[in-house]
Amino acid sequence: MPELPEVETVRRGLQPVMEGAKILVAEARRTDLRFPFQPDFVARLQGQVVTGLGRRAKYLMADLASGDVLLMHLGMSGSFRVIKPDNEAAPGEFHYPRGKDSTHDHVLFRMSSGADIVFNDPRRFGYMKVIARNALEDEPLLRDLGPEPLGNEFDAAMLARSCEGKTTSLKAALLDQRVVAGLGNIYVCEALHRSHLSPRRIAATLATKGRKGVGGGEPTDHAKRLVSAIHTVLNDAIKAGGSSLRDHRQTSGELGYFQHSFKVYDREGETCKTPGCGGTVKRFTQNGRSTFWCPKCQK
């Protein structure tokens with residue numbers, strides 16, 4: 001499942017041809033993806049100018065001049081590609097040719113910028129929905145999301161408050177989209193390793209304990225290290241175009257290549273990359289997901 005860096009990479013690829021342009025033609029080539037398209041899906045998009053293209057957690061959000069917002073989720077195998085009239089392309093070192101099977105081209109937007117934007121999704125776990133801007137706070141898909149990990153509000157104090165009293169593991173807390181939005185298995189494993197914190201650590205240890213007559217809930221050094229590591233890992237991954245393990249492609253067709261910088265994820269049995277550690281990366285199943293970590297330097 002694409003995580004925040006992959007979705008942000010896609011947003012940046014779509015922004016030049018989508019933002020400020022009019023949707024001349026909108027096509028939904030089937031009645032559903034993961035969920036059925038709304039009956040007025042095409043009508044609410046066609047002829048609208050995209051005034052802004054943003055991201056919330058793992059969702060792309062296109063603001064329309066009408067006051068609606070097009071919410072888009074990539075699912076497991078969804079990808080966008082941009083087709084220009086001159087077939088302009090800028091493949092880089094990690095370029096990967098896309099499949100020619102148009103059977104999985106489910107949605108098309110023809111833009112006044114001259115580009116066609118095609119959403120391809122073989123497994124059809126992606127979805128799109130048009131929502132009125134003034135109804136976003138009540139939208140079930142968005143209303144319980146926590147803070148953006150790269151937003152100004154997300155800091156050690158906020159994370160400590162969210163984890164105070166939690167008896168779940170630190171990894172489970174970070175994967176809870178109500179605690180922090182957009183993080184998934186890969187980047188949680190990487191951030192925990194870089195902050196030298198065990199995925200088994202109790203989440204409540206990110207906050208100080210209160211004493212009689214004295215309040216607790218202040219961020220510990222663990223919380224400060226972890227927030228710093230989350231910022232570093234996400235920013236590095238975005239610069240690298242995300243991680244391509246299976247289906248992720250940038251809009252140009254390029255692979256992301258942050259997987260070449262993994263410290264622990266998918267490195268079971270290899271030597272830990274922490275300088276002077278010498279430990280071995282282990283894997284275990286945690287909450288139904290593979291966790292990769294170094295027991296020697298993550299405490």
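In what order do the 4 strands of the open sheet lie? The order is 1-6-7-5, and the pairing is antiparallel; two strands pair if DSSP finds at least two bridges between them. Helices (H or I, at least four residues) and strands (E, at least two) are DSSP runs, numbered from the N terminus.

This is a predicted model, in which local features need pLDDT of at least 70 and side-chain atom pairs count only at pLDDT 80 or more, while totals for chains, interfaces and linings use all residues. Residues are numbered from 1 along each chain as its sequence is written, and side-chain values use heavy atoms, with hydrogens and water left out.

**The sheet**

Select residues 23-28 and 79-83: these are strand 1 and strand 5, the edge strands, each of which pairs on one side only. From one strand to the next, the twist averages 15 degrees. Next, add residues 105-111, which form strand 6 and pair with strand 1 in the antiparallel sense over 5 bridges. Within this pair, A26 is found opposite F109 of strand 6.

Now display residues 4-18, helix 1, which packs on the sheet and touches strand 5, strand 6 and strand 7 (116-120). Contact here means heavy atoms within 4.5 Å. The direction of helix 1 makes about 35 degrees with that of strand 5. Axes are lines fitted to C-alpha atoms, for helices over the stretch in contact, and angles run from 0 to 180 degrees between N-to-C directions.

**Helix 1 and helix 6**

Keep helix 1 and select helix 6 (residues 221-239). The axes of helix 1 and helix 6 come within 9 Å and cross at roughly 40 degrees. Helix 1 is therefore oblique to helix 6; angles under 35 degrees count as roughly parallel, over 145 as roughly antiparallel, 65 to 115 as roughly perpendicular and the rest as oblique. On the helix 1 side, the contact is made by L4, P5, E8, T9 and R12, and on the helix 6 side by L234, A237 and I238.

**Helix 5 and helix 6**

Select residues 185-194, helix 5, whose axis comes within 8 Å of that of helix 6, with a crossing of roughly 130 degrees. Helix 5 is therefore also oblique to helix 6. In this contact, Y187, E190, A191, L192 and R194 of helix 5 meet residues of helix 6, including L226, A229 and I230.

**The annotated span**

Finally, select residues 263-299, which the unreviewed UniProt entry annotates as "domain: FPG-type". UniProt positions are given in the numbering used here, feature names are shortened, and annotations may be inferred rather than shown by experiment. The end C-alpha atoms of this span lie 16 Å apart, and the span is 0% helix and 27% strand.
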